[in-house]
Number of protein chains: 2
Amino acid sequence: IEAGERDILRSLIADLHESDLGRLIEALPPPDRPRMIELLGADFDFTALTELDETTRVRILEELSTQTVVEGMRDLDSDDAVYILEDLGDAEKQEILAGLSVPERAALQRSLDYPEESAGRRMQTEFIALPPFWTVGQALDYIGETEGLPEVFFEVFIVDPTFRLSGSVPLDRLLRTKRGTKLGEVVTPDRHVVNVLDDQEDVARIFERYNLISAPVVDAAGRIVGVLTVDDIVDVIQEEADEDLKALGGVAGDEELSDSFWYIAKSRFAWLLLNLIAANLASFVIALFENELQRMVALAVLMPIVASQGGNAGTQTMTVAVRALATRELKPSNARRIVARELLVGLFNGVVFAVIMAAVVFARFGVMDLGFVIGLAMIINLVAAALGGILIPLTLDRLKVDPAVSSGPFVTTITDVVGFFAFLGIASLWF
Amino acid sequence: IEAGERDILRSLIADLHESDLGRLIEALPPPDRPRMIELLGADFDFTALTELDETTRVRILEELSTQTVVEGMRDLDSDDAVYILEDLGDAEKQEILAGLSVPERAALQRSLDYPEESAGRRMQTEFIALPPFWTVGQALDYIGETEGLPEVFFEVFIVDPTFRLSGSVPLDRLLRTKRGTKLGEVVTPDRHVVNVLDDQEDVARIFERYNLISAPVVDAAGRIVGVLTVDDIVDVIQEEADEDLKALGGVAGDEELSDSFWYIAKSRFAWLLLNLIAANLASFVIALFENELQRMVALAVLMPIVASQGGNAGTQTMTVAVRALATRELKPSNARRIVARELLVGLFNGVVFAVIMAAVVFARFGVMDLGFVIGLAMIINLVAAALGGILIPLTLDRLKVDPAVSSGPFVTTITDVVGFFAFLGIASLWF
């Protein structure tokens, strides 16, 4: 198909949604991707590029001629254009911006000047702003007759002469109000106004909590500069959940399925190295008890059980704590109660598993004392796991370190060290 | 405040968003919650209850009089009413339904008859459906003058006389079209129509992929029965991500911060018991090599390092695989490539860590051979971890078992067993 038959290609692609077009691109062999886009020319909807993985997108953009990219950028909504531009190298970014008209360039440049992951980066700069002295009828006529309005919108914003936002009128209210009414009389102040510098995660939290569809974005002076819609926010929510989940599993938040072997091997290596250090620490604890291990080889056989059970219990508590911190459900006001509850759960499960393991060990080795020792160690380690699992995320969060990324190694180090030390230590005192 | 001073309470609460009202309820001591609602009477917005944890909500509803609940349900959107009703016991559900008027009851009963987690449960049954022969002007007038239309809507749906859906006209297009135009001429067929029995997770995936704001829901005969909006979908996305994240951490997907000690202790116990069995299995493997451990206690000191490193590498691969399966990024078409890549990453990191550990062990114990043995075991275990981490989720997924819930114990059992067996086995052959 890629032999240059432009017309067939065009007719095939004409009816595709940008998202399906994105998937089609991903299914193509890499060298064909930019070739197809060049071939389609103006028929290619650059929005499709926003549906791709970052790695894939950057690679394609680098191979396209600047001319093609500039042409493609022209038809994009401002938020999509920024999304595509932001991951490119500085030189390339400037080259593309230089090809655009002055107002287009200024608008994009301004969005790019906002910090990464801020509302300013995500917002769309196309919106409808009207003065309060216009009537509903004027507004409806304006919307009906003006070219070049945003493709989709849910409300009109009401601004004063300096563009300061005084509120909005949703489309459905506009339709249900008499034409003669002044906009100023039906406007409601927006309760959830986003500041252009707000972090996208905080904005997502607000959208979620108040079930918003869109929200105006204002600058420090209260002037409206853009609008955020829930479809952008859905992506943010998905991304943030993704990052937390991966971080807890010891994987970089931005690892993508399309990443190269090298990138992945390197990024996973760092985490495993940290774990290796932790494991060696635990191993040094074991080495303290070489004499006991020599005298009683059953200790070596049983000690991983205590450590592993603690590790899993700690991970449970940590998972709940990290997630509750991310969704802001865990706050200073209820932290004390949750810590107490986790402690109680750890103690309770510790006692239950102590009894179970004591019975198992007695059955396997016929030594009553050994069962008692492993039971006691189990209780100690599950309590330590509960404490570590909740206090470490809480502490990291207070230190402004992302608990999802950093809690894991600390928690398992604690449960390994405490597990081996408690079991072997009690055994050395007992026997 | 709770001494019965209704007026003060009313004025305090009058201006709160339902979500903030929900938070206020959560902050109250449990016995005061139903009391406050009874006190507020008709001034209490039952929507606030949808913002609460399931446990908290059910407890409050059980304590409220049926009369109060029935009154409160009347003002709710159908999707919120279903959301509140669905977690109640059957007897209580029937009692409340009996208090409603016949059409209200029939509508709710129908929604409740759809399976849990289906589109039918989540949809709103209020929507605007018009015939294609109406003009844009008629439609606008109808919207402007009719009472009792849905509170917020983004499009009108065009249906034939049997209510079969032929497409929709978004509000903004309605505004930009001449009043004389027939709706039939501006209607676009909805490309993304949801079937009432579709799973909510699949629906969420469609909303996300195509950046939808709302989508019509149709029954088997193609008749429109409701509409799903993106704010419901945001909750689904959040919930699903939450469940996967918790499942990977060994916690029940529905565990909530407000759950009681007992509930949590029980649900965590099940997972830990599974882990205990796995740990005992690994312990039996260790026991096979009691003689070697007796002869050379350094083996006992080092063996947890091999197992732990494998466990972490396996968890990394598993996390990526589980997430990619959930988002449908990992498909049969690219599974082979991803398996190969993970294998390569495992082999590569295995070799690197083999070299590091060999050096560490030589430095600690001064025995060159021991370094060689641990290095070899490390390579074997990291390759096993990579294979287990990707093949187990893929297999579970093919067997229609949720890989997020069940992969963990399998993967760590493999890395523990292979780790101990490889290290101690090679050692027993070598020395």
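This is a short tour of a predicted two-chain model, stop by stop, with something to select at each one.

**Stop 1: the contact between the chains**

Start by colouring chains A and B separately, then pick out the residues where they touch. You should have 109 residues from chain B and 108 residues from chain A in the selection. Between them, the two chains bury about 9,800 Å², with 61% of that on carbon and sulfur atoms. Now show B:Leu245, B:Leu257 and B:Gln316 as sticks. These three supply 8% of the area that chain B buries against chain A, more than any other three residues.

**Stop 2: charges and polar pairs across the contact**

Stay where the chains meet and select A:Glu342 together with B:Arg268. Their side chains form a salt bridge, 2.8 Å from N to O. How many salt bridges are there between chain B and chain A? The count is six. There are also 33 residue pairs in polar contact between the two chains, counting pairs with both residues at pLDDT 80 or more. Colour the chain B side of the contact by residue type and you get 57 nonpolar, 22 polar and 30 charged residues.

**Stop 3: the largest nonpolar core**

Next, select Leu293, Met303 and Phe423 in both chains. In the largest nonpolar core, which has 74 residues, A:Leu293, A:Met303, A:Phe423, B:Leu293, B:Met303 and B:Phe423 touch the most other members. Add helix H17 of chain A, residues 297–326, to the view: with eleven residues, this helix gives the core its largest share.

Zoom in on A:Phe423 and show what surrounds this ring. Setting aside residues up to four places away in sequence, A:Phe423 touches A:Leu299, A:Leu302, A:Met303, A:Val306, A:Val373, A:Ile374 and A:Ala377.

Apart from the largest core there is another one, made of 42 residues. To find this second core, select A:Val194, A:Tyr210, A:Ile233 and A:Val234, which are among its members.

**Stop 4: B:Ser428**

Finally, move to chain B and select helix H20, residues 403–430, where B:Ser428 sits. Is B:Ser428 buried, partly exposed or exposed? It counts as partly exposed because its relative accessible area is 22%, and buried would need under 20%.

Show the side chain of B:Ser428 and follow it to the backbone oxygen of B:Gly425, which it reaches at 2.9 Å. Leaving out neighbours within four places in sequence, B:Ser428 is in contact with B:Phe289 and B:Glu292. For a last look, zoom out and add B:Arg10: the C-alpha atoms of B:Ser428 and B:Arg10 are 78 Å apart in space, and the two residues are 418 residues apart in sequence.

Definitions and conventions
Residues numbered from 1 in each chain as written. Chains lettered and ligands numbered in written order. Predicted model: local features only at pLDDT ≥ 70, side-chain atom pairs only at ≥ 80, totals over all residues. Heavy atoms only, no water. Core = buried A, V, L, I, M, F, W, Y, C linked by side-chain atoms within 4.5 Å. Buried < 20%, exposed > 50% of the residue type's maximum accessible area, 1.4 Å probe, protein only. Helix = DSSP H or I, 4+ residues; strand = E, 2+ residues; numbered from the N terminus. Contact = heavy atoms within 4.5 Å. Buried area = accessible area lost by both parts, 1.4 Å probe. Salt bridge = Lys/Arg side-chain N within 4 Å of Asp/Glu carboxyl O. Polar contact = N/O pair within 3.5 Å; in protein donor to acceptor, adjacent residues only side chain to side chain. Nonpolar A, V, L, I, M, F, W, Y, C, P; charged D, E, K, R; others polar.
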